[in-house]
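Subject: A structure for you to look at

Hello,

Here is the structure I promised to pass on to you. Please open it beside this message, and I will walk you through what turned up.

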Amino acid sequence: MPWNTVHRTPQMPNPGDCVLELKDVSVEIGERRILSGIDLDVRAGEVLSLVGPNGAGKSTLLNAITGDMPLADGEISLFGLPAASWDATELAMRRSVLLQSVDVTFPFSVDDIVRMGRSPWEGTAEEMDDDMIVDSAMSMTEVTPLADRVYTSLSGGERGRAAFSRVLAQAAPILLLDEPTAAMDIKHQEMLMRIGRDYAAAGCAVVVIVHALDAAAAWSDRVALLERGRLRAVGTPEEVFTSVMLTDVYQCPIEVMPHPDGGLVILPKRPAVRRNVYGRHRGFPGASAAELGQLARSRGQEAA
């Protein structure tokens, strides 16, 4: 590509516009089909959470959207055009991506990492706002005090917030997040989801993989529930997150109850536990097979 290529800068979508569309998308790895027949649309102004058990295909779906995973069938369009019709810089202007892990080998500071998010805008009028946007992104995620720290010296949760700051600084109208709250404490998990909610309220689209069903229920406009590489259901949390549906998909008894202040409370059904600070059983580990069998039977009786 010539050095002086002029890239098409994005226009801010109108609320409700379809900015990302998947039609009959399938993905195969070797001879194994990972995703089958996925139809999904993402609209400006919404938070869409991808949920489902481990191995359901959530990360594969996100990788297909970003172009990191080739399609076996189907097509993906971005702002009404096939994804392949945008060059790499134009794609980066339109969607920012946060992967599960961000591998950094050089001693970049947090400020360096966040500023990398501004690279698609180099040479455009938006470049004038780089400092303001970087400062704002770090302030929102509470990493400003870490700006001069080497990224690799941070804790897992701190790295997650710094990486999230980078995708915010990219200022793209579509935000794609793969388990962004992993390794974060509860305060910063909620902070990150709230920022995603605010990002959507500003007219952008947010697609986020979430394992915590209660967080997905609280912050999402819609949820897409995947099961074994297929879309089991798409709709509002109230429509999708029913006890029957979740119990069937997760193969675990799950209760769903309305919260008094609105929203849903989602919990696995758990037995009452008799607490034993010092334990009751002897010989475990290292117990004989008979003793282990007795221990298993006693646990079953307690659960009953």
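Let me start inside. The largest cavity is lined by Val 47, Leu 177, Leu 192, Met 193, Gly 196, Arg 197, Val 206, Val 208 and Trp 219. Its volume comes to about 50 Å³, and searching the whole structure for cavities of 30 Å³ or more gives one. Please keep in mind as you read that this is a predicted model.

Which elements supply at least two residues each to the lining of that cavity? They are α6 and β8, the latter covering residues 205-209. Of the contributors, α6 gives the most, with four residues. Sorted by class, the cavity lining holds seven nonpolar residues, one polar and one charged.

Next, the open space. The largest pocket has a volume of about 440 Å³. It is lined by 22 residues, and those closest to the pocket centre are Ile 133, Leu 168, Ala 171, Ala 172 and Tyr 199. Three elements give two or more residues to this lining: α4 (130-140), α5 (156-169) and α6 (186-201). The largest share is that of α4, which provides four residues. So you will meet α6 in the linings of both the pocket and the cavity, by the definition of elements used here. As for class, the pocket lining has 15 nonpolar residues, three polar ones and four charged ones.

Now to the sheets. One of them is an open sheet of six strands, and its order reads β6-β7-β8-β3-β9-β10, with mixed pairing. At the edges are β6 (95-98) and β10 (230-235), each of which pairs on one side only. From one strand to the next, the twist averages 15°.

If you would like to trace one pairing in this sheet, try β3, residues 47-51, which is joined to β8 by four bridges, the two strands running parallel. Within that pair, Leu 50 has Ile 209 of β8 as its bridge partner. Helix α9 (residues 243-250) packs on this sheet and touches β3, β9 and β10; the direction of α9 makes about 35° with that of β9. Helix α1 also lies across strands here, namely β3, β6, β7 (174-178), β8 and β9 (222-227), and runs at about 145° to β7.

The other sheet to look at is an open one of four strands, ordered β2-β1-β4-β5, and its pairing is antiparallel. Which strands are at its edges? They are β2 (32-43) and β5 (81-82), and each pairs on one side only. Strand β1, residues 18-29, runs antiparallel to β2, and eight bridges join the two. One example to find on screen is Leu 22, whose bridge partner in β2 is Leu 40. Helix α1 (residues 58-66) packs on this sheet too, touching β1, β2 and β4 (73-78), and its direction makes about 115° with that of β1. That helix is therefore a handy landmark, as contact is defined here: α1 touches strands of the four-strand sheet and lies across strands of the six-strand sheet.

Finally, a word on annotation. UniProt, in an unreviewed entry, places the feature "domain: ABC transporter" at residues 20-253. Over that stretch the chain is 35% helix and 26% strand, and the C-alpha atoms at its two ends are 34 Å apart.

Enjoy exploring it, and do write back with any questions.

Best wishes

Notes: Residues numbered from 1 in each chain as written. Predicted model: local features only at pLDDT ≥ 70, side-chain atom pairs only at ≥ 80, totals over all residues. Heavy atoms only, no water. 1 Å grid on protein atoms, 1.4 Å probe; cavity = no way out; pocket = protein on both sides within 12 Å on 5 of 7 lines; lining within 4 Å. Points joined across faces, edges and corners; volume = space filled by probe spheres on them. Nonpolar A, V, L, I, M, F, W, Y, C, P; charged D, E, K, R; others polar. Pairing = 2+ DSSP bridges. Contact = heavy atoms within 4.5 Å. Axes fitted to C-alpha atoms, helices over the stretch in contact; angles between N-to-C directions. UniProt positions renumbered as here; feature names shortened; annotations may be inferred.
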